[in-house]
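Reader: I would like a close look at one part of this model. Please take me through the sheets of a single chain.

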Amino acid sequence: MKLAEIAEFLQGKLDGDGNSEILRVASFEKASENEITFLEKADNSNQTNASCLIVHENFDAKISIPIIKVKNPKLAFAKIAVVLHPPKKRETITHKTAIVSASAKLGKGLFIGAYVTIGENSEIGDRTQVRAGAKIGDNVKIGANCTIHPNVFIEDNCTIGNNTILHCGAVIGADGFGYVRDGANGYVKFPQIGTVTIGDDVEIGAHTCVDRGALGETRIGNGTKIDNLVQIAHNVQIGKRVVIASQTGISGSTVIEDDCVIGGQVGFGDHATVKSGAVIGSQAGVLPGKIVREGVWWGTPVQPLDEYKRQNAHVKGLARLKEEVKEIKKRLKEKSE
Amino acid sequence: MKLAEIAEFLQGKLDGDGNSEILRVASFEKASENEITFLEKADNSNQTNASCLIVHENFDAKISIPIIKVKNPKLAFAKIAVVLHPPKKRETITHKTAIVSASAKLGKGLFIGAYVTIGENSEIGDRTQVRAGAKIGDNVKIGANCTIHPNVFIEDNCTIGNNTILHCGAVIGADGFGYVRDGANGYVKFPQIGTVTIGDDVEIGAHTCVDRGALGETRIGNGTKIDNLVQIAHNVQIGKRVVIASQTGISGSTVIEDDCVIGGQVGFGDHATVKSGAVIGSQAGVLPGKIVREGVWWGTPVQPLDEYKRQNAHVKGLARLKEEVKEIKKRLKEKSE
Amino acid sequence: MKLAEIAEFLQGKLDGDGNSEILRVASFEKASENEITFLEKADNSNQTNASCLIVHENFDAKISIPIIKVKNPKLAFAKIAVVLHPPKKRETITHKTAIVSASAKLGKGLFIGAYVTIGENSEIGDRTQVRAGAKIGDNVKIGANCTIHPNVFIEDNCTIGNNTILHCGAVIGADGFGYVRDGANGYVKFPQIGTVTIGDDVEIGAHTCVDRGALGETRIGNGTKIDNLVQIAHNVQIGKRVVIASQTGISGSTVIEDDCVIGGQVGFGDHATVKSGAVIGSQAGVLPGKIVREGVWWGTPVQPLDEYKRQNAHVKGLARLKEEVKEIKKRLKEKSE
């Protein structure tokens, strides 16, 4: 792709030879000839051997290679990367070992890999890829342009939108974890007969588990991105454009509204609510029923970051405080003698 | 099912038309015609459009729909739900793609799905369902009426009781994590040649890992329920009717006695002991060798909930305490001037 | 194996009948005839029914059974265990249901199990075992003498060394978790087009996820051992002989140098560095960009164990400190009256 084309695609301002050929993206440090990279901030000016550098529109350092000025260099880099490195195109084929129910409704341009199973009345949208060993139950709906990676399992009656990616081993719609104690007899399973509905442009990480609703639905909204090994319990409601990092666990019926950012290894008790725009730091713990408002939150039990820092500073200062009290006692004792 | 039959099955007292037909259970909020739901506590009185409400025997509000009075409405609801929504019945079949060793001993009424493998001398009890892609090693024993969900793996020599459910991707009997340091050469694997024994009426969540014993056995007792993504290390001993929520990790040789309840994301060091009836809150940390007695426990390192709350209150009060000490110092200084 | 042979193999000093036959290793408590066990420390002297006991060279208690004296009994036990219980030998076979690309380069003495898939141009070294349902992408390189357990997935272009074990369900090379926010449009995927390189003698636990580099490489060095359900993000660099316990999560671009020991459920922010020889306790939290030096570390945010203990003691002493301040205030009030 020629630099001039890239600049046009990115609606950026090119400074340099528009005929240079770009083959790949690369990191700033490792980039070499025919590669394009980016500088996240205007003031960074280390060396790169790239053939072109995407920079912030305010960038004004002297540099010997062509540059493209844009408002958000990292975003521009991500956008051109998809063009230069399109997702692997798999041929339109249903592998001879795939077992597809006769009642399944299959779209056009599908890739269905080896040892895939697709159950009764399930629907798969156009150009979706179902990779080796993925298992899709009965009455499942999957939209168009999805990628279902190897060994994914989607249980009966679940629904997946368009352009959604389920990474290897994701489990959608297994039973939620709910029981009623029956005295000395132990536990009776509470019904887990609901479903899971996942929106468009969602990404679900490897081995992440999204349990089906107990009676109703577990929902994940459009544009939400979830990392590996995350647990999403029955009846959880996750809004749009939410980001959830690895190993976080969300208990039953908790609600996470639109545009939240959740760190890794966070734990949510059940029936908590996270209001739109909240950011929760890694390893935080949100108690059952807690309402977390917009802002940045940290710690267990979760509190506003400022309070957490203040409290942490107080704890760090405890040795000195103790020393001061000791000193006061000594002085008082001296006086009274 | 007619209401009169349901009332009889639940040994409850029906107040209303016994001929009403019930087809499904539903949540209190979403229930509509021909559906039954429940009120957990006697004093809750929102609206429902259900055709019948299961209530506590002390319930005495006026209500326009039939009710069934029982001692434990949630338990009764769970019990009738199993009758109205029996687990999916799969036909008795060994799928033509299943690879079953000639030496395996298979019970009656089995469902063995596509791409299942069953190794030498393994035994599978009557009416057990082994779903697509599950892999069962050699010399494995599985009881009757079990459900082995897709992609489960059971390693050689492990034993599973009756009526037990292994959810998608559960790994039973992989090697434990044990090594001996050999100086600059790094680590030598400590033998991981034991087994796993899982009892009756157990449920193991999706992607939960139960490692085989190093030399002896890893055990999970009857009626124990374990959520998704839990780690159970070599030689762990878990008693009967224990509940363990998602993402908890239990290190080697730790013992959890009967009737304990363990929250999510709890971490146990090795060789700890949790006495019968203990309840441990989410994200708690139990140090190696620690003995946790009956009662409610919280925090890292784990402590009785009361102590944890008291300590937390003290920490929250640190700013004020610091202020008080500053005030005292000021007064003392004024006096001495 | 005769005791004399075992003593010679272990370069230990035998005290007893060299002709005794040993068939198996066993634990100290459970060992019986024809079994060998060990005493970790010289001063332990409970009863064992083993036919031989491996002891420390300083051991001098009277004992009625043959002993072998060595420098490190546990290490010696682990070494003889491998001889007495060699890993299961699977026959050289490519199962008829395995789908192996015609362009794959296969070594000698391979076991390739049922329903395995191996992609284009992938290479597998001599005597490696690829068990049932493992899925190997295109251009993957796997060394000699590896064991790839059931349902493992290795994505395109990843490299695995020699003598490495990937446990059931491990996911090597799935996309890292990186996005760029594009205002109200939500998130654009940052390119995840790098690779994973895993060294020799590595062990990766069940369901552990090692994400591919975003642009570069995610690396795991020789001799490193990683437990189950661990998350290793894009571009993480792990050195040699590192031990990482279960459910730990390591964020993008973090570096863990050689010979570190990391507990379970530890969380690492991105771009952190752990210097060679550091030991980090379970459930610790390492902030992004933090440098953790050699020594023992604990808590969130992580601090040296000594400081952590001191601080914990201060917090435990808060009730008393508060009482002291109250007492001082009372005395001052009395005086001023």
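In what order do the ten strands of the open sheet in chain B stand, and what is the pairing?

Author: A note on the model comes before the sheet. This is a predicted model, in which local features need pLDDT of at least 70, side-chain atom pairs count only at pLDDT 80 or more, and totals for chains, interfaces and linings use all residues. Residues are numbered from 1 along each chain as its sequence is written, while chains are lettered from A and ligands numbered from 1 in the order in which they are written.

Now the sheet. Its order in chain B is β7-β10-β13-β16-β19-β24-β27-β30-β33-β36. The pairing is parallel, and the sheet is open. Strands are DSSP runs (E, at least two residues) and helices likewise (H or I, at least four), numbered from the N terminus. Two strands pair if DSSP finds at least two bridges between them. At the edges stand β7 (99-100) and β36 (285-286) of chain B, and each pairs on one side only.

Look inside this sheet. Strand β16 (residues 153-154) of chain B runs parallel to strand β19 (residues 171-172) of chain B, and two bridges join them. Here Ile154(B) stands opposite Ile172(B) of β19(B).

Chain B also has an open sheet of five strands, in the order β1-β5-β4-β3-β2. Its pairing is mixed. The edges are β1 (13-15) and β2 (24-25) of chain B; each has a single partner strand, so one side of each is left without a neighbour in the sheet. Within this sheet, β3 (residues 35-38) and β4 (residues 52-56) of chain B pair in the parallel sense, over three bridges. Ile36(B) stands opposite Cys52(B), which lies in β4(B).
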